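Student: I am new to this structure. Please show it to me, and then I will ask about its parts.

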Amino acid sequence: MTTIAPVELSIYDRMLEAAPEGERLRLCLQCGNCSGICPFGYLMAYPPHRIISFLRAERFEKVLETDTVWMCVSCYACTQVCPSKIPLTPGLMARTKEELILAGNVPSELQSALENSQRYGNPLGESPRKRADWAKDILPAVKVMGQFRQPVDVLWFVGDYPSYHPRVQQTARALAKVLNAIGINFGILGPDENSDGDSQRLAGERGLFEMLAEKNAKSFSRYKFGEIITTDPHAYNAIKNEYPALGISYPIRHYTEFLAEKLDALKPLLKTEVKAKVAFHDPCYLGRANGIFDPPRELLAAIPGVELVELAHSRANSLCCGGGGGGMWLDGFQWEKAHVRLSEWRVQEAMTAGADTLAVACPYETPRFEDAAKTVKGAGQLHVRDISELLLEAMGM
Amino acid sequence: MNIVVLVKLVPDLVEELNIDPSGAALDMSWLRLIINEFDDHAEEQAILLKERGGGQVTAIVPEYEGADEVLFTASARGADRLIKLGGDFLVANNHALARACAAVIKELNPDLVLTGVQANNDLDGPVGPTLAECLGMPYVGYVSGVATGDGKVTAMKEYPGGLKAEMQVKLPAVLGIQAAEQPPRYVAVSKVRMVMKTATIETRDAGALDGSGAPAVGRMFQPEAAAHAEMITGSVDDVADKLVNIFKEAGVL
């Protein structure tokens, strides 16, 4: 009797299976658009189109000998312009990073964020028990589902940075107050919430992503709620587009979508003039990856006194803040390679547009842009505000 | 080379520490345990030695909550044999731990035993020297590099003040690792999950634990503020005068 040994998939085959539609990799024209539009493509030894050509030549090991793939911030710019519609960001780039991780080629900053996510359920390495501490002093009290134990209309998936990062906690508090002001019956998971895992997935840690998703699924199933809203576009993207394939499916909206639909209730409360020339930065995972461009602008336009201006790169052509795909945890590594941060380019664009306020809708962005404003010449006076913070200001709170 | 690594779990300082009602111990009921950082380095050093010179690595973890996960992670890194030592180690001191482990390690007939040089809960001294005594082996601590050959190891030992020494030690020996030659490698979750399906954890019962010989803890307490800083207020001249007086009183002016 002959036994047929299982065939080990080649790296090329594994790449094809790395994402839905991954088969489209076969259609690559080698046009190089992906590498041209990549904000850090000029620093990569193997930008996307070159990875594909080396895969085809069965010389992928050459790619694994380098580390510049870690410059990829998973911003979807390459995927957006690919004429063959290859899922470059979630497929090729994430899979290449996964190969690097399995080969032990992980920058140490990223390693500790991944280890923290494994152990504590958040990349910051904070105590899971303190996940709802930011909400302590808010009235009416923010309901933590594990204590409240009653159904809510809206389950707010707060996210890692709004829960723990001192600057971003301010945006969480602002959004809680806005939701309270329009009478939304909402709750949060608190200690039962884990990182959404999306950035870890795009940084190549697929197993960790699945582990975190399973933990969140367990928490979701424990409570009754009508829909989920998120502060973080990455969490939105994960729960909307990635969790269903793991059998985790819930109605989900980003908070800007949710609030834009509540504008009738919101508008009468926006009485305080906010005199500001505001430029909105489209977050990659709200705009380019999920097509949500208008709701954030509708919210800003509803604020009395706000004059909206557009950045040079806007909407689908937006420029990443540099925090995605693990970029949040590769700051030192990327600085060594680039000596510039994408957030600094973006702040420069805001100055060129004549904005005095840079409005954001992603938790990675407030600290990134505020830090960048300190280093970009002449940008010291630029305000960086989450949309929820501007809404609260317009409510006179 | 037959290498044994002893790994213990210690209180995770991300969570707040509370004192037990007895007033002489930590309240362990809410504590989460984490791999002792130095033992993590010992494990990495063991795997590096194996990768360089071949051999077998056995990881021993006393029974705590989370011990299985630590053992599976060791396996995913390259450990060949996993042993969990059963017993009530949560409240055991290092004397008890060393005696219990020595009994198991003797059976394994190791050439080299590695463990972390220290841990955040070493109340009765580090476990390494006590273990070496129980095993009748030589011990070198504060090691940050190991070379093997000819039935000997050369250990790089660090001293305070930037001094280093190369020490030749006859095998079998126990080394207390301060730092592996490279930081402990990352283990992808998918690798650990795969290992969980295939690897086996052997269990040994430590029997009754003997913690005799260790000092008894009289009182355990959070650091207490003894004196407060004095804030000097007033105009610049006032502040300067007051400072000068303080320096004079202290005898430095």
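Tutor: A residue counts as buried here if 20 or more other C-beta atoms lie within 10 Å of its own. Note also that this is a predicted model.

Student: Which residues of α13(A) are buried?

Tutor: Helix α13 of chain A spans residues 233-242, and 9 of its 10 residues are buried. By the cut-off of 20 or more C-beta atoms within 10 Å, the buried ones are A:P233, A:H234, A:A235, A:Y236, A:N237, A:A238, A:I239, A:K240 and A:E242.

Student: What do the buried residues of α13(A) pack against?

Tutor: Helix α13 of chain A is mostly covered. The partners of its buried residues in chain A are β2 (152-157), α11 (198-202), β4 (225-230) and β5 (252-254).

Student: What is the radius of gyration of chain A?

Tutor: Chain A has 397 residues, and a compact globule with that number would have a radius of gyration near 21 Å. The value for chain A agrees with this: 21 Å.

Student: How many residues of domain 3 of chain A are in contact with domain 1 of chain A?

Tutor: Chain A is divided into domain 1 (11-105), domain 2 (121-261) and domain 3 (267-394). The C-alpha centres of domain 1 and domain 3 of chain A are 28 Å apart. On the domain 1 side of chain A, 12 residues take part in the contact; on the domain 3 side, the number is 16.

Student: How many residues on the domain 1 side that touches domain 3 of chain A are nonpolar?

Tutor: That side of domain 1 of chain A has no charged residues and 3 polar ones. Its nonpolar residues number 9.

Key: Residues are numbered from 1 along each chain as its sequence is written. Chains are lettered from A and ligands numbered from 1 in the order in which they are written. This is a predicted model: local features need pLDDT of at least 70, side-chain atom pairs count only at pLDDT 80 or more; totals for chains, interfaces and linings use all residues. The radius of gyration is taken over C-alpha atoms; the globule rule is 2.2 Å times the number of residues to the power 0.38. A residue is buried if 20 or more other C-beta atoms lie within 10 Å of its own, exposed if 12 or fewer, and partly exposed in between; C-beta atoms are placed from the backbone. Helices (H or I, at least four residues) and strands (E, at least two) are DSSP runs, numbered from the N terminus. Two residues are in contact if their C-beta atoms, placed from the backbone, lie within 7 Å. Domain bounds come from an automatic or database domain assignment. Ala, Val, Leu, Ile, Met, Phe, Trp, Tyr, Cys and Pro count as nonpolar, Asp, Glu, Lys and Arg as charged, and the others, Gly among them, as polar.
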